[in-house]
Amino acid sequence: MPDVRLASSQGKWILLTTVLGSSMAMLDSTVVNVALPRIGVDLDASLSALQWTVNAYMVTLAGLILLGGSLGDHYGRRKIFVLGVVWFAAASLLCGLAPTSGVLIAARALQGIGGALLTPGSLALIQASFHPDDRSRAVGLWSGFGGIGAAVGPFLGGWLVEGPGWRWVFLLNVPVALVCVPVALRHVPESDARTAALSEAGPGGEAGERGGAEEGLKGAAGLKGAAGGDGGLPQGRFDVLGAALGALALALLTYALIEAPEASATVAVSGVAGLVAALAFGYVEKHRPDPMLPLDIFASRQFTAVNLVTLCVYGAFGGFFFLTALQLQVVAGYSPLAAGTALLPTTVMMLLFSSRSGALADRIGPRLPLTVGPLLCATGLLLMLRVGRDANYLTDVLPALLVMGTGMVVLVAPLTATVLASVDTSQAGLASGINNAAARAASLVAVAALPLVTGMGPEAYRVPAAFDRAFDRAMPICAGVLVLGSVIAFTLVRRPPPVCRHPECRRHGCVPFPPLERPQRETPAPTSATASSADPTA
């Protein structure tokens with residue numbers, strides 16, 4: 001059983017390295033939007049190149065994040081976490097030195113691979129390292145510091161863009177990694193699914209009493225357990241083919257959407273190939289004995305419904321944050337620092353109030369929050385139509401962000417809790433990973449599709465009037481997608497059973513995607529008092 005205490009020096013070092021590692025990936029999912037106009041000018045990039053700057057990262061991250069978690073469970077969580085940090089830092093260095101937009105896009109794709117390795121590992125290391133009595137508090141501190149990082153991120157990104165330049169948005173990850181890696185190697189104990197199961201089995205006959213943990217291991221993404229000579233500990237192969245097909249489908253479909261204005265044969269072939277890859281992915285996952293994405297998990301109507309809501313909600317969020325960062329700078333005339341700071345209220349509101357929203361949903365059920373939250377967000381997006389040339393922050397921008405932030409507070413925590421409650425406890429970690437990947441995939445599709453459906457040309461971000469017209473068409477579309485999510489929630493979501501898995505993530509600070517949860521191996525779901533103190537953002 002893990003025995004590191006939070007008050008010990010080792011516990012503090014573990015907390016430091018996991019916060020630093022997760023913050024690297026979290027910040028690069030948010031601060032890059034603020035830097036896009038300067039990147040475009042410096043590298044003479046078209047709008048499609050800016051879309052790829054965002055989406056190349058998301059394609060590899062969303063496609064490989066489930067595989068990244070199972071690699072850590074098998075080969076060692078610290079080992080894969082450190083590999084992810086080093087990989088991410090090296091790719092960040094390439095981003096910072098990129099001489100052309102093509103090199104930057106390729107480096108961003110490499111960054112996403114590193115993010116898929118380190119993102120699942122940060123929370124897993126906390127759960128595997130700390131004594132059960134300290135784990136909830138450690139997770140809460142990890143989440144709190146991560147939320148502060150998410151809040152500071154756009155402000156920091158804007159300051160870097162205005163000061164030393166946009167390249168430092170990426171280069172800053174290098175010194176962070178130089179601190180993170182030695183601390184992890186020196187102070188974080190290694191763990192994997194095998195050692196976790198052995199520690200839980202305890203000496204002698206206690207193994208039988210821990211059989212439930214073994215079942216949880218068998219449900220890990222892409223790494224099925226198999227009863228046998230070593231007592232049912234994890235065996236089997238990784239679903240590399242499934243991960244590759246999933247990422248390939250996302251990449252090809254994204255390419256087809258972004259490059260569709262060219263109306264070329266290459267675009268058509270890419271679209272068809274993307275659909276074929278998606279169908280092949282479904283076939284492989286259905287027939288493979290150890291799939292990365294077991295399709296039978298969607299037999300739960302509640303789980304399917306909540307993931308449909310997730311696609312609608314985070315698709316709209318992804319389009320909103322991508323376009324708003326450009327709208328504030330290109331049309332409203334804000335500096336990068338002002339644009340980054342302008343978006344701060346949504347993150348602050350999430351940090352302050354999301355845990356209370358989760359507690360309320362526990363009492364009244366998720367249906368009402370998942371219905372009302374998207375409608376409030378849709379209202380906030382429609383209020384963004386007031387943001388045009390020389391927009392006043394207090395009268396034009398802030399009211400829209402406050403309404404949208406309220407909707408996010410109402411929505412996000414109950415969404416995460418309902419995902420976990422809709423499946424068997426042994427599948428909770430897998431369900432969370434699927435939901436997180438779905439949110440990222442929805443975001444990248446929105447970033448790819450919105451410029452197409454709103455008629456943005458390749459130079460739209462250089463022409464304020466043209467971009468403003470397209471933005472005014474995009475916000476109602478995003479609002480409509482949110483309304484669709486609300487209708488799905490009202491129609492299909494029901495109250496979960498009273499005995500179910502509750503999230504450790506009770507307070508959320510990173511708004512572009514939901515938090516990850518890892519399988520709980522210790523004890524029953526926490527009580528309300530305990531759950532309110534545990535609050536990671538992933």
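Start by selecting helix 3 (residues 47-75) and helix 4 (residues 77-97) in this predicted model. The two helices pack at an angle of about 150°, and their axes are 8 Å apart. Because angles over 145 degrees count as roughly antiparallel, helix 3 is described as roughly antiparallel to helix 4.

Now show the side chains where these helices meet. On helix 3, pick Y57, G68, L71, G72, D73 and Y75. On helix 4, their partners are R77, K79, I80 and F88. Try colouring this contact by class: you should find 5 nonpolar, 2 polar and 3 charged residues.

**Next stop: a loop beside helix 3**

Select D44, which sits in the loop between helix 2 (31-42) and helix 3. Its phi angle is near 50°, a positive value in a residue other than glycine. Is D44 buried or exposed? Its relative accessibility is 62%, so D44 counts as exposed.

**Across to another helix pair**

Clear your selection and pick helix 14 (residues 301-331) together with helix 18 (residues 393-421). Their axes come within 11 Å and cross at roughly 150°. That angle makes helix 14 roughly antiparallel to helix 18. Turn the view until one helix lies in front of the other, and look at the crossing of helix 14 and helix 18, which is left-handed.

Which residues of the two helices meet here? From helix 14, select Q302, F303, V306, V309, T310, V313, Y314, F317, F320 and L328. From helix 18, add V397, L401, M404, M408, L411, V412, L415, T418 and V419. Colour this contact by class too: 16 of its residues are nonpolar, 3 are polar and none is charged.

**A loop before helix 18**

Move to D390, in the loop between helix 17 (367-383) and helix 18. Phi of D390 is near 55°, again a positive value in a residue other than glycine. With a relative accessibility of 60%, D390 counts as exposed.

**Zoom out**

Finish by showing the whole chain as a cartoon. How many helices and strands does the chain have? There are 21 helices and 0 strands. Switch to a surface view, where the accessible area comes to about 19700 Å². Carbon and sulfur atoms account for 67% of that area. Of the 538 residues in the chain, 59% are buried.

One last thing to explore is how parts of the chain far apart in sequence touch each other. Among contacts with a separation of 6 or more, 82% join residues 24 or more positions apart.

Note on methods
Residues are numbered from 1 along each chain as its sequence is written. This is a predicted model: local features need pLDDT of at least 70, side-chain atom pairs count only at pLDDT 80 or more; totals for chains, interfaces and linings use all residues. Side-chain values use heavy atoms; hydrogens and water are left out. Axes are lines fitted to C-alpha atoms, for helices over the stretch in contact, and angles run from 0 to 180 degrees between N-to-C directions. Helices (H or I, at least four residues) and strands (E, at least two) are DSSP runs, numbered from the N terminus. Angles under 35 degrees count as roughly parallel, over 145 as roughly antiparallel, 65 to 115 as roughly perpendicular and the rest as oblique. Contact means heavy atoms within 4.5 Å. Ala, Val, Leu, Ile, Met, Phe, Trp, Tyr, Cys and Pro count as nonpolar, Asp, Glu, Lys and Arg as charged, and the others, Gly among them, as polar. Buried means under 20% relative accessible area, exposed over 50%, partly exposed in between (1.4 Å probe, protein chains only). Accessible areas come from the Shrake-Rupley method with a 1.4 Å probe; for residues, only the protein chains shown count as cover. A crossing is left-handed if the near helix is turned anticlockwise from the far one by less than a right angle, and right-handed if clockwise.
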